Amino acid sequence: MTDHSHESVPSRQRRRYPGISSRAYEHPADRSALVALRKLSGFDTVFKALSGLLPERSLRLLFLSDSVRVSDAQFAHLNDMLRDACYILDLEKVPPMYVNQDPRPNAMCIGLDEPIIVVTTGLVELLDEEEMRAVVGHEVGHALSGHAVYRTILLFLTNLALKVAWIPLGNVAIMAIVTALREWFRKSELSADRAGLLVGQDIKASMRGLMKIAGGNHLHEMNVDAFLAQAEEYEKGGDLRDSVLKILNVLPRSHPFTTVRAAELKKWSETRDYQRIVDGHYPRRDEDKDTSVTDSFRESAAHYADTVRTSKDPLMKLVGDIAGGAGDLGGKLRDKFTGAAGGSGGAGRGGGATTKDATGGSDGTWRRADQEEGPGAES
């Protein structure tokens, strides 16, 4: 990682956040998922082993030899954005950044000792300057949060799981860790989206970028309000069967669905927490060592409780009802899956048979959910 001075001047005046801690923008679910990941049986052993085995030098040489390194002489506008982002988030060292030839829009921050940022030509060609600035800020947010290490391990283990899949039970333990890593990484993306907004300081540009990742370079055919309405429809639509299918669809993914990311970021941009950061009131890095783990757990627990309480998803609403002592679990599950009203004839044995048919009939989607995630945007 190369040490640069932050001599470039942003194209417009932006707020800077000296000494900002990643705690300022980290999503509570990101922190709690990472804690849960570290407590996963066997994770420490795997982590320590891979930290010494992963070919980091080979990885760096690969990008150095087969990609274009961003500098004042190459992709100078991206170099300016990178330095701006590091200046705004007060990242002392500017990570090396590479542009890789790939038509799929993608970006990532990887590396064990020091982070490397990689963006594809597909992403560079898709986004305008302000949209790209948010993406660069997103990746710098990953670097500041220390996400690059876990992302690198996730990539390695995903490839390893595919190679040992033919061995009976050979990839069971690996896939358990991969699944936990994916669950954390999906949450970490929400944190990095927030960092991208702190850097770009233009919520409209952040929304445009996410829409383009979802629907391509056709902004004249898209509408932010309609796009966000999709997220609301996705969250509250359907019955318990749909809630289960949502879980199955997201499990093989490393990233949350794009409409969900847009809705989460828009919601955060309207909170008092975001405004306090903008006003200069945020946790500092030099205070990280004094941070209470108990307080972090409490904040995460409060977030999940609020999510369950306010969610429009049928499964989350059911969990909230049960937590509030609102009736019989078996009866509620039966009625939700069968669509029967409480106390109706569906409560008998026939209702149970209907539930079995309904869940068994989703076989095609189960198979799809078990497949490895295809190429997609990771910015």
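Which residue follows H6, and what is the sign of its phi? Gly146 comes right after the helix, and its phi is positive, near 75°. This is a predicted model, so here is a friendly tour of helix H6 and its neighbour H4, with a few words on the whole chain.

**Helix H6 on its own**
- H6 covers residues 129-145, and its 17 residues should span 24 Å at 1.5 Å a residue; the end C-alpha atoms are 24 Å apart, which agrees.
- Most of this helix is covered, with 16 of its 17 residues buried.

**The two ends of H6**
- At the N-terminal end, Asp128 acts as the cap: one of its side-chain oxygens lies 3.1 Å from the backbone nitrogen of Glu130.
- Beyond the other end of the helix comes Gly146, the residue with the positive phi.

**How H4 meets H6**
- Helix H4 spans residues 76-88, and its axis comes within 9 Å of the H6 axis, crossing at roughly 50°.
- That angle makes H4 oblique to H6.
- The crossing of H4 past H6 is right-handed.
- On the H4 side, the residues that meet H6 are Leu78, Met81, Leu82, Asp84, Ala85 and Cys86.
- Their partners in H6 are Glu129, Met132, Arg133, Val136, Gly137 and Val140.
- An α-helix has 3.6 residues a turn, so residues three or four places apart point the same way.

**The chain as a whole**
- The protein chain contains 18 helices and 4 strands.
- Of its 379 residues, 43% are buried.
- Among contacts with a separation of 6 or more, 75% join residues 24 or more positions apart.

Methods
Residues are numbered from 1 along each chain as its sequence is written. This is a predicted model: local features need pLDDT of at least 70, side-chain atom pairs count only at pLDDT 80 or more; totals for chains, interfaces and linings use all residues. Side-chain values use heavy atoms; hydrogens and water are left out. Helices (H or I, at least four residues) and strands (E, at least two) are DSSP runs, numbered from the N terminus. The expected span of a helix is 1.5 Å times one less than its number of residues. Buried means under 20% relative accessible area, exposed over 50%, partly exposed in between (1.4 Å probe, protein chains only). A polar contact is a pair of N or O atoms within 3.5 Å; within protein, one must be able to donate a hydrogen and the other to accept it, and residues adjacent in sequence count only if both atoms are side-chain atoms. Axes are lines fitted to C-alpha atoms, for helices over the stretch in contact, and angles run from 0 to 180 degrees between N-to-C directions. Angles under 35 degrees count as roughly parallel, over 145 as roughly antiparallel, 65 to 115 as roughly perpendicular and the rest as oblique. A crossing is left-handed if the near helix is turned anticlockwise from the far one by less than a right angle, and right-handed if clockwise. Contact means heavy atoms within 4.5 Å.
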